[in-house]
Amino acid sequence: TIDAGEMDERVFNTEIAVACDVTNPLIGPSGAAVMYAPQKGATEAQVEWLDRGLTHLAELMEVDPYGEGYGSTGGLGYGMVAFCGAKLIRGIDWVLDVVGYDERVKQADLVITGEGSLDHQSLEGKAVMGAVQRAKACGVPVIALAGRAGQGAERCLEAGLDGYDTLMDIAENEADAMVNAGRLLTTLTARVLEEV
């Protein structure tokens, strides 16, 4: 059971906006547990157990668990909506608006963005593809620099990314890429800029 009876009433009289970096729902094949728990070391059995637990939470809260962004931060997006009546906003759009991204991009010849791992999850509302979408609307090409390219990285190209390079392209191994990330990123950036 859940008893929220002692929650401070001011929560419900406050407009709360939560910036989310992904669009995943709380549960299901693209939910929080299935998409992100394996990254944290969860086994297949643990992922199943976590998804069942989140499903049970949704049943208790009686709030549809399939909203966009509800799976953000392990389900915190859902929790903020269900418990606090929060509104979820796309985090990358909020950040890009704050920094005046569109106006800056219009003055650029190229956008270089980055991601730790460029993969299928990059398409779920993460920063790199948000930068791509907005730059494309301004007619400016985008290249991503990533630590590594994972499963589905090529789908980012299909979604508008013009190209990507990774630290793993020039590192001796994964340990080298992690320990010497700063130096390798400088080298990779210089190489990319020489090619454009």
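Let me start with helix 4 and helix 6, which cross at roughly 55° with their axes coming within 9 Å, the axes being lines fitted to C-alpha atoms over the stretch in contact and the angles running from 0 to 180 degrees between N-to-C directions. Helix 4 and helix 6 are therefore oblique to each other, where angles under 35 degrees count as roughly parallel, over 145 as roughly antiparallel, 65 to 115 as roughly perpendicular and the rest as oblique. Helix 4 passes helix 6 in a right-handed crossing; a crossing is right-handed if the near helix is turned clockwise from the far one by less than a right angle, and left-handed if anticlockwise. On the helix 4 side the contact is made by Ile92, Asp93, Leu96 and Asp97, and on the helix 6 side by Ala127, Gly130, Ala131 and Arg134, with contact meaning heavy atoms within 4.5 Å. By class this contact has 4 nonpolar, 1 polar and 3 charged residues, counting Ala, Val, Leu, Ile, Met, Phe, Trp, Tyr, Cys and Pro as nonpolar, Asp, Glu, Lys and Arg as charged, and the others, Gly among them, as polar.

A word on the source: this is a predicted model, in which local features need pLDDT of at least 70 and side-chain atom pairs count only at pLDDT 80 or more, while totals for chains, interfaces and linings use all residues. Residues are numbered from 1 along each chain as its sequence is written, and side-chain values use heavy atoms, with hydrogens and water left out.

The chain has 9 helices and 5 strands, these being DSSP runs numbered from the N terminus, with helices (H or I) of at least four residues and strands (E) of at least two. Of its 196 residues, 39% count as buried, that is, under 20% relative accessible area, with exposed over 50% and partly exposed in between, for a 1.4 Å probe and protein chains only.

Staying with helix 6, its buried residues are Val128, Met129, Gly130, Ala131, Val132, Arg134 and Ala135, and they pack against strand 2, helix 4, helix 5, strand 3, strand 4 and helix 7. Just after helix 6, Gly139 takes a positive phi of about 75°.

What, then, is the largest nonpolar core? It has 18 residues, and those with the most contacts inside it are Tyr101, Val105, Val111, Leu118, Ala135, Val142 and Leu161; such a core is a set of buried Ala, Val, Leu, Ile, Met, Phe, Trp, Tyr and Cys residues joined through side-chain atoms within 4.5 Å. Helix 4, helix 5, strand 3, helix 6, strand 4 and helix 7 each supply at least two residues of this core, and helix 6 gives the most, with 5 residues. Leaving aside neighbours within four places in sequence, Val105 is in contact with Val111, Ala135, Cys138 and Val140. A second, separate core of 13 residues includes Leu26, Val47, Ala58 and Ala82.

That leads to helix 2 and helix 3, which pack at an angle of about 15° with their axes 11 Å apart, and which are therefore roughly parallel to each other. Their crossing is left-handed, and in it Leu57, Ala58 and Met61 of helix 2 meet Tyr78, Ala82 and Phe83 of helix 3. The residues of this contact divide into 6 nonpolar, no polar and no charged. In helix 3 the buried residues are Gly77, Tyr78, Gly79, Val81, Ala82 and Cys84, and these pack against helix 2 and strand 2.
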